[in-house]
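Subject: Structure handover, with notes on salt bridges

Dear colleague,

I am passing on the structure below, and I would be glad if you could read the notes that follow alongside it.

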Amino acid sequence: MLNKKVGDLLNIQVNKEFYSAYLYLDFANFYKNRGLDGYANWYQIQAKEEMDHALLMIQYLQNNDYEVVLEAIEKPDKKLENFDDPLKEGLEHERYVTSLIHEIYGAAQENKDYRTVKFLDWFVDEQGEEEKNASDMITKYQLFGHDPKGLYALDSEYKARVYSAPSLVLD
Ligand code: FEO
């Protein structure tokens, strides 16, 4: 049976994942407004992935008879001025999300809620991937982004990103 405290933390995390989607849509708009359609595409897809995370958590909670409560989603409030501001904010945000996932993971272990521990394993791996992607985007921008041709090449690379459904599937 799902531990109540763990269920509550997961319910809060649903909101955080939707906020992440909102934040990345804000990043996508920032780039779209500046003619960087590739970066915009990358963050639009990222926003879809965040919604997937939220939906997976909702489904997991429902599968375990937890009554999900949806709260208001906060307005994205990151100050974006320079081209690389979303990249830096994105990495910081993912590190924060990792800390939240680890907190739920710890609570699940503490309460011997091993089903949730197993469920969260996928999210732990996913966070590792997301932090790496965010960090790589900063490195590439620092290496190539200050030269117009380099920025164009990076933008083209990010334009090629396509959405794929999460590898975690729940019954
Ligand atoms: Fe849902 Fe970007 O972690």
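Is K88 buried, exposed or partly exposed? K88 is partly exposed, since its relative accessible area is 42%, which lies between the 20% limit for buried and the 50% limit for exposed. Please keep in mind while reading that this is a predicted model.

The residue K88 matters for these notes as one half of a pair: its side chain and that of D84 meet in a salt bridge, with 3.3 Å from N to O. D84, for its part, counts as buried because its relative accessibility is 14%, and the cut-off for buried is under 20%.

This pair belongs to a wider set, as a search of the whole structure finds seven salt bridges. Among them is the one between E157 and K140, whose side chains meet at 2.7 Å, N to O. That pair links distant parts of the chain, with E157 in helix α5 (residues 148–159) and K140 in helix α4 (residues 114–144), the two being 17 residues apart. E157 has a relative accessible area of 39% and is therefore partly exposed, and K140, at 28%, is likewise partly exposed.

Another of the seven salt bridges joins E81 to K79, where the closest N and O atoms are 3.5 Å apart. Here both residues, E81 and K79, are exposed.

With best regards

Definitions and conventions: Residues are numbered from 1 along each chain as its sequence is written. This is a predicted model: local features need pLDDT of at least 70, side-chain atom pairs count only at pLDDT 80 or more; totals for chains, interfaces and linings use all residues. Side-chain values use heavy atoms; hydrogens and water are left out. A salt bridge is a side-chain nitrogen of Lys or Arg within 4 Å of a carboxyl oxygen of Asp or Glu. Buried means under 20% relative accessible area, exposed over 50%, partly exposed in between (1.4 Å probe, protein chains only). Helices (H or I, at least four residues) and strands (E, at least two) are DSSP runs, numbered from the N terminus.
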